[in-house]
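Thanks for coming. I will put the structure on the screen and then go through it piece by piece.

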Amino acid sequence: MKRNKMLSSSAMTILAVVFTILVKTVDVGYVANTGSAVGFYSVNMPFIEKFSFNATLFSLTQVLGLVALLPVIFFAFLGLYELSTRKSLKKVDPDLYAMALLYVLMAAVYIFFDKVYVVNLRPIIMEGESVAASSFPSTHTLLSITILGSAIMECGRIKSKGGRVTLSLLLALLLLAVVAGRLFSGVHWPTDIIGGVLWGEVLLLWFQYFSLLFSEKIKG
């Protein structure tokens with residue numbers, strides 16, 4: 001099981017890396033609106049021309065993005081609660097350690113693409129900015145896939161089937177709303193959204209792997 005998780009995680013990581021390189025190098029075209037360039041130009045530009053900036057969707061996804069951060073707070077408090085009541089690091093749920101590592105890796109991916117390796121810039125320059133901001137992968141997509149996706153996985157621990165299904169459905173709907181809203185708000189290229197999904201899936205697969213690893217270490 002653990003070996004299969006590691007293999008699938010590695011394969012998804014390679015896929016995400018290859019896609020990122022392709023976005024950076026294939027069919028690169030000039031974007032007059034921002035004075036920058038974007039890969040897969042023949043796909044990205046027609047989409048943005050059809051779905052221009054939508055202030056309502058943009059504002060909505062900003063709010064939904066904040067809501068999507070709530071599981072981070074919940075699991076942080078859950079970890080502190082378990083530590084305070086069980087009085088031992090070894091008695092804290094292994095998944096909470098994996099969750100903490102997941103959030104650290106998510107932050108690292110965000111910083112890497114925002115500061116170190118900028119793939120492309122937004123299709124528009126937002127109000128109050130002098131230049132277009134880095135937009136690959138879509139931060140809202142990355143965060144919602146990673147945070148809400150891992151929260152959905154943890155819903156399996158809820159004993160009540162009704163509660164488990166209801167919460168999973170609500171989290172899934174929130175995830176879809178953030179991703180779809182970001183796609184059609186006109187502040188991201190389609191490849192930004194795909195990149196966010198791919199890198200989010202990479203993180204989720206590694207989360208599953210480390211959950212198994214930490215569980216074995218603690219129980220062992």
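The buried residues of helix H6 are His 140, Thr 141, Leu 142, Ser 144, Ile 145, Thr 146, Ile 147, Leu 148, Gly 149, Ser 150, Ala 151 and Glu 154. This is a predicted model, so keep that in mind throughout. Twelve of the 16 residues of H6 are buried, so this helix is largely enclosed by the rest of the structure. H6 covers residues 139-154, and its first and last C-alpha atoms are 22 Å apart, close to the 22 Å expected at 1.5 Å a residue.

Just before that, in the loop between H5 and H6, sits Pro 137. The peptide bond joining Phe 136 and Pro 137 is cis, with omega at about -15 degrees.

Now H5, residues 94-116. Its 23 residues should span 33 Å at 1.5 Å a residue, and the end C-alpha atoms are 32 Å apart, which agrees. At the start of H5, a side-chain oxygen of Asp 93 comes to within 2.9 Å of the backbone nitrogen of Asp 95. Asp 95 is itself one of the buried residues of H5, and others include Pro 94, Leu 96, Tyr 103, Met 106 and Phe 113. Ala 100, also in H5, counts as partly exposed at 41% relative accessibility. Which distance separates Ala 100 from Phe 207 in space? From C-alpha to C-alpha it is 9.5 Å, with their positions 107 residues apart in sequence.

Next, a helix pair. H3, residues 55-67, packs against H7, residues 161-184, at an angle of about 145 degrees, and the axes are 9 Å apart. The crossing is left-handed. On the H3 side the contact is made by Leu 57, Phe 58, Thr 61, Gln 62, Leu 64, Gly 65 and Val 67, and on the H7 side by Leu 174, Ala 177, Val 178, Gly 181, Arg 182 and Phe 184. By type, that gives eight nonpolar residues, four polar and one charged.

Following H7 comes the loop to H8, and His 188 is in it. Is His 188 buried or exposed? Its relative accessible area is 2%, and under 20% counts as buried, so His 188 is buried. The His 188 side chain reaches the backbone oxygen of Ser 135 at 3.2 Å. It also makes a polar contact with the side chain of Asp 192, at 3.3 Å. Not counting residues up to four places away in sequence, His 188 touches Ile 48, Arg 122, Pro 123, Ser 135, Ser 138, Thr 139, Arg 182, Leu 183 and Ile 193. Arg 182 appears here and also in the contact of H3 with H7.

On to strand E2, residues 36-38, where we find Ser 36. Ser 36 has 12% relative accessibility and counts as buried. Its side chain and that of Thr 34 are joined by a polar contact of 2.6 Å. Setting aside neighbours within four places in sequence, Ser 36 is in contact with Gly 29, Tyr 30, Val 31 and Leu 121.

Last, backbone angles. Asp 27 is not a glycine but has a positive phi of about 50 degrees. Asp 27 lies in the loop between H1 and E1, and is partly exposed at 36% relative accessible area. Lys 87 also has a positive phi, near 60 degrees. Lys 87 belongs to the loop between H4 and H5, and with a relative accessible area of 70% is exposed.

How values were computed: Residues numbered from 1 in each chain as written. Predicted model: local features only at pLDDT ≥ 70, side-chain atom pairs only at ≥ 80, totals over all residues. Heavy atoms only, no water. Helix = DSSP H or I, 4+ residues; strand = E, 2+ residues; numbered from the N terminus. Expected span 1.5 Å × (residues − 1). Buried < 20%, exposed > 50% of the residue type's maximum accessible area, 1.4 Å probe, protein only. Axes fitted to C-alpha atoms, helices over the stretch in contact; angles between N-to-C directions. Left-handed = near helix turned anticlockwise from the far one by under 90°. Contact = heavy atoms within 4.5 Å. Nonpolar A, V, L, I, M, F, W, Y, C, P; charged D, E, K, R; others polar. Polar contact = N/O pair within 3.5 Å; in protein donor to acceptor, adjacent residues only side chain to side chain.
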